[in-house]
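Work through these short exercises with the model open. Try each task before reading its solution.

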Amino acid sequence: MNTRLTRILAPVTFALAMLCGLTFIGTAITHILDDGAVCVQTGFWRNGSLPPDSLPIGQGVQASSTATRLCQDSPSAAQRAADLGGELPWLLFGSLALLLFSRLLKAVLLQGPFTEAVSRRLSVLGWFVAVGTPLAGLVVGWSRSWLVGSMAPIAGSGPTVSGPQVLVLAGLAAVIMGKIMREGVRMREDLEGTI
């Protein structure tokens, strides 16, 4: 299946994977070498009332906050690591997912769509997305939660999941499609063996 779209998408996804990988490395290096403040946003005080005299609002109007931004001027090593944990996992996940997808497209270009290699790579990509999405979301959510708890102990910290968890469904769908394709490949091989 050597269509124009597949020929274009294969190198484009590989280039995007490399770009995400370079962004991951660059973000890690700049955050490690940075000695500035570490900031995090929290919704712990969501709908908290603001004093009416602190804002230029009309008489009888109530104001409430939706998010609070906390910044630590001289963060500890743990706070800096938690700040990294709040950004890097999704970059790494995106880079690896795009790399697996580009390998899938390369196998389609070289061997065709209904082969054992393509079905195997589709299943690997599906499992990576299905398992990696909640794992990356847990690392990001817990890092941010811990960072908020380290700056405002009243907020506390605990395991939270962040990010688009609907990707788990896409990953499971890819796993199922990989298994269906594998069965189709076996059936075709059986037919070719009997003729």
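**Exercise 1.** How much space lies in the largest pocket?

*Solution.* This is a predicted model, where local features need pLDDT of at least 70, side-chain atom pairs count only at pLDDT 80 or more, and totals for chains, interfaces and linings use all residues. Residues are numbered from 1 along each chain as its sequence is written, and side-chain values use heavy atoms, leaving out hydrogens and water.

Step 1. The largest pocket holds about 240 Å³ of space.
Step 2. Its lining has 14 residues; closest to the centre are Gly 141, Arg 144, Ser 145, Val 148 and Thr 160.
Step 3. Helix H4 gives the largest share of this lining, 5 residues.
Step 4. Sort the lining: 5 nonpolar, 8 polar and 1 charged.

**Exercise 2.** Place Ser 119 and decide: is Ser 119 buried or exposed?

*Solution.* Step 1. Find Ser 119 in helix H4, residues 116-151.
Step 2. Ser 119 has a relative accessible area of 0%, so Ser 119 is buried (buried is under 20%, exposed over 50%, partly exposed in between, with a 1.4 Å probe and protein chains only).
Step 3. Beyond its neighbours within four places in sequence, Ser 119 is in contact (heavy atoms within 4.5 Å) with Gly 178, Met 181 and Arg 182.
Step 4. A polar atom of the Ser 119 side chain lies 2.9 Å from the backbone oxygen of Glu 116.

**Exercise 3.** Which cysteines form a disulfide (sulfur atoms within 2.5 Å)?

*Solution.* Step 1. Cys 39 and Cys 71 do, with sulfur atoms 1.9 Å apart.
Step 2. Cys 39 sits in strand E1 and Cys 71 in strand E4, 32 residues apart.
Step 3. Cys 39 is partly exposed at 24% relative accessibility; Cys 71 is partly exposed at 42%.

Technical notes:
Helix = DSSP H or I, 4+ residues; strand = E, 2+ residues; numbered from the N terminus. Polar contact = N/O pair within 3.5 Å; in protein donor to acceptor, adjacent residues only side chain to side chain. 1 Å grid on protein atoms, 1.4 Å probe; cavity = no way out; pocket = protein on both sides within 12 Å on 5 of 7 lines; lining within 4 Å. Points joined across faces, edges and corners; volume = space filled by probe spheres on them. Nonpolar A, V, L, I, M, F, W, Y, C, P; charged D, E, K, R; others polar. Disulfide = S-S within 2.5 Å.
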